[in-house]
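Here are a few exercises to help you find your way around a new structure. Have a go at each task before you read its solution.

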Amino acid sequence: QLTGLTLADLDQRLQTSVDAAFNFYRSTGILNSYAERGITEEMLRESSLQMLGIMKRLLPGMLAMGAAAAAGINYLLAHAVARRLQLPLYPLRPFSEWQLPWYFTWGVIFGFAALLLGDHYQLSWLVQGGQNLLLIYSPFLLIFGIAVVSHYYHKSQLPRWFKIGIIAISVFYFTITLIVLMTLGLFDSLFNYRKLAR
């Protein structure tokens with residue numbers, strides 16, 4: 001049971017949502033416009049169900065990500081309130097100095113190992129576990145990767161127009177940028193590129 005719902009209830013609600021969405025598409029003529037382009041209702045329904053299947057498999061990871069985000073927001077709000085009340089606080093490091101502990105990388109290794117082993121031995125539960133573990137870790141890697149880039153952005157003596165150009169290119173190639181940032185966040189925790197005090 002998950003969030004007060006059984007998996008069967010969740011499946012039923014998702015199916016009901018899909019049916020309601022397609023009834024809306026049908027009544028507004030959206031399905032007809034897709035049909036003119038050679039995309040049938042069956043194709044759209046199959047694609048929607050596949051997407052929902054992926055979401056169901058990754059639901060534990062998404063819930064954990066939501067919990068982590070809520071905890072982080074609560075911490076920052078509590079820190080701001082405590083500072084306003086002039087309570088003694090441990091000072092937060094500047095964002096450009098944020099760094100993951102090196103042992104954090106073990107979770108990523110376990111996630112990839114579960115994904116590869118599950119795929120090799122056809123163990124869907126192991127693949128799902130690896131996917132969820134990597135999903136949980138990905139926002140942390142992204143945040144700390146951005147911290148690495150922020151450090152070098154402020155430290156670099158490159159012209160401002162050149163930096164803005166790099167940012168514009170990064171936004172244009174968004175998917176590649178995400179991968180690069182997560183990779184930086186992961187390997188910086190191992191090799192300490194910025195030579196920060198641990």
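**Exercise 1.** Find out how far apart the closest N and O atoms of Asp-188 and Arg-194 are, and whether the two residues are buried or exposed.

*Solution.* Start with the side chains: those of Asp-188 and Arg-194 come together with N and O 2.6 Å apart. The cut-off for a salt bridge is 4 Å, so this pair counts as one. Next, look at the surroundings: both Asp-188 and Arg-194 are buried. Keep in mind that you're looking at a predicted model. In total, the structure holds four salt bridges.

**Exercise 2.** Work out which residues Arg-45 pairs with in salt bridges, and where the partners sit in the chain.

*Solution.* Step one: go to Arg-45 and look for acidic partners. Asp-19 is one of them, with a salt bridge of 3.0 Å from N to O. This one ties together distant parts of the chain, since Arg-45 belongs to helix 3 (residues 41-57) and Asp-19 to helix 1 (residues 7-28), with their positions 26 residues apart.

Step two: check Glu-41. Its salt bridge with Arg-45 has its closest N and O atoms 3.5 Å apart. Here the partners share helix 3 and are four residues apart, about one turn of the helix.

Step three: ask how open these residues are. Partly exposed covers the range between 20% and 50% relative accessible area. Arg-45 has 22%, so Arg-45 is partly exposed. Asp-19, at 31%, is partly exposed too, and so is Glu-41, at 24%.

Step four: put the pieces together. Asp-19, Arg-26, Glu-41 and Arg-45 are linked in a network of salt bridges.

**Exercise 3.** Look at Lys-163: which side chain of opposite charge is nearest, and how far away is it?

*Solution.* First, place the residue: Lys-163 is in helix 7 (residues 160-172). Then search for an opposite charge. The nearest such side chain is Glu-97, and it's 16 Å away. A salt bridge needs the atoms within 4 Å, so Lys-163 has none, even though Lys-163 is buried. Finally, see what Lys-163 does touch: leaving aside residues up to four places away in sequence, the contacts are Tyr-153, Ser-156 and Leu-158.

**Exercise 4.** Describe the largest pocket: what is its volume, and which residues lie nearest its centre?

*Solution.* Begin with the volume, which is about 590 Å³. Now go round the lining of 20 residues; Val-149, Ile-166, Ile-167, Ser-170 and Leu-181 lie nearest the centre. The elements giving two or more residues to this lining are helix 6 (124-155), helix 7 and helix 8 (174-191). Helix 6 supplies the largest share, seven residues. Last, sort the lining by class: 15 residues are nonpolar, four are polar and one is charged.

**Exercise 5.** Do the same for the second largest pocket: how much space lies in it, and which helix gives the most to its lining?

*Solution.* The space comes to about 500 Å³. Of the 18 lining residues, Ala-68, Gly-72, Trp-98, Phe-140 and Ile-143 lie nearest the centre. Helix 4 (59-84) and helix 6 are the elements that give two or more residues to this lining. Helix 4 gives the most, with eight residues. By class, you get 16 nonpolar residues, two polar ones and no charged ones.

Methods. Residues are numbered from 1 along each chain as its sequence is written. This is a predicted model: local features need pLDDT of at least 70, side-chain atom pairs count only at pLDDT 80 or more; totals for chains, interfaces and linings use all residues. Side-chain values use heavy atoms; hydrogens and water are left out. Buried means under 20% relative accessible area, exposed over 50%, partly exposed in between (1.4 Å probe, protein chains only). Lys and Arg count as positive and Asp and Glu as negative; His and the chain ends are not counted. Contact means heavy atoms within 4.5 Å. On a 1 Å grid over the protein atoms alone, a cavity is a set of points where a 1.4 Å probe fits but cannot get out, and a pocket is an open set with protein on both sides within 12 Å along at least five of seven lines; lining residues have an atom within 4 Å of a point. Grid points are joined across faces, edges and corners, and a volume is the space filled by probe spheres set on the points. Ala, Val, Leu, Ile, Met, Phe, Trp, Tyr, Cys and Pro count as nonpolar, Asp, Glu, Lys and Arg as charged, and the others, Gly among them, as polar.
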